[in-house]
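Hello,

Here is the structure you asked about. My notes on it follow below.

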Amino acid sequence: MYQEIQKGNWKEESEIEKLIELKTLVENLTINTRIVTDGASNLIQVRGNLPADKKKLIKHLEYQISNADEASLREYRVNLRHL
């Protein structure tokens, strides 16, 4: 990946695309696992156990995606001091 970045062939996905990626991960995981996104760099908090909470997590992510404001989400990430 580093070489692709150096060549200018990589572009960071939007904040909404990152949420869609998380939703896709939750939808496709088939193992028993715990999902927790409560770090400061995560835009939203998602917590649950798979597969038991899969429907709830997907519904939450769909709501966040459909109500997200890209500019506000990006501003939050850009202004994190520790990243």
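P51 is found in the loop between β2 and α3. The peptide bond that leads into P51 from L50 is cis, with omega near 5°. For comparison, most peptide bonds are trans. Please keep in mind that this is a predicted model.

Overall layout

The protein has 4 helices and 2 strands. Read from the N terminus, the order of elements is α-α-β-β-α-α. The C-alpha trace spans about 40 × 30 × 25 Å along its principal axes. There are 83 residues in the protein, and 25% of them count as buried. The accessible surface is about 6200 Å², with 50% of that belonging to carbon and sulfur atoms. Of the contacts with a separation of 6 or more, 51% are between residues 24 or more positions apart.

The protein carries 13 positive and 13 negative charges, and the mean positions of the two sets are 5 Å apart.

K54, a lysine without a salt bridge

K54 is found in helix α3. K54 is buried yet forms no salt bridge. Which side chain of opposite charge is nearest to K54? That side chain is E27, at 8.5 Å. A salt bridge needs the nitrogen and the carboxyl oxygen within 4 Å, so the distance of 8.5 Å from K54 to E27 does not qualify. The side chain of K54 does reach the backbone oxygen of E27, at 3.1 Å. Leaving out residues up to four places away in sequence, K54 touches V26, E27, L29 and N49.

K23 and its two partners

The structure holds 8 salt bridges. One of them joins K23 to E27, with the closest N and O atoms 2.8 Å apart. K23 and E27 are separated by about one helical turn, because they are 4 residues apart in helix α2. K23 counts as buried because its relative accessibility is 16%, whereas E27, at 32% relative accessibility, counts as partly exposed.

K23 also forms a salt bridge with E62, where the closest N and O atoms are 3.9 Å apart. This pair links distant parts of the chain: E62 is in helix α3 (residues 54-66), K23 is in helix α2, and the two are 39 residues apart. E62 has a relative accessibility of 40% and therefore counts as partly exposed.

D38, R47 and a network

Another salt bridge runs between D38 and R47, and here the closest N and O atoms are 2.7 Å apart. D38 is partly exposed, with a relative accessible area of 38%. R47 also counts as partly exposed, at 43% relative accessibility. Elsewhere, salt bridges that share partners join E12, E15, K18, R74 and R77 into one network.

T37, in the loop between the strands

T37 lies in the loop between β1 (33-36) and β2 (47-50). Is T37 buried or exposed? T37 counts as buried, because its relative accessibility is 11% and the cut-off for buried is under 20%. Two polar contacts involve the side chain of T37. A polar atom of that side chain lies 3.1 Å from the backbone oxygen of I44, and the side chain also reaches the backbone nitrogen of V46 at 2.8 Å. Not counting residues up to four places away in sequence, T37 touches L22, N42, I44, Q45 and V46.

L25

L25 lies in helix α2 (residues 15-28), the helix that also holds K23 and E27. At 42% relative accessibility, L25 counts as partly exposed. From L25 to N67 the C-alpha to C-alpha distance is 20 Å, and the two residues are 42 apart in sequence.

To recap the points I would look at in the viewer: the cis bond from L50 to P51, the buried K54 with no salt bridge, the salt bridges of K23 with E27 and with E62, and the side-chain contacts of T37 with the backbone of I44 and of V46.

Regards

Notes:
Residues numbered from 1 in each chain as written. Predicted model: local features only at pLDDT ≥ 70, side-chain atom pairs only at ≥ 80, totals over all residues. Heavy atoms only, no water. Buried < 20%, exposed > 50% of the residue type's maximum accessible area, 1.4 Å probe, protein only. Contact = heavy atoms within 4.5 Å. Areas by Shrake-Rupley, 256 points an atom, 1.4 Å probe, with all protein chains shown as cover. Lys, Arg positive; Asp, Glu negative; His and termini not counted. Charge placed at Lys NZ, Arg CZ, Asp CG, Glu CD. Polar contact = N/O pair within 3.5 Å; in protein donor to acceptor, adjacent residues only side chain to side chain.
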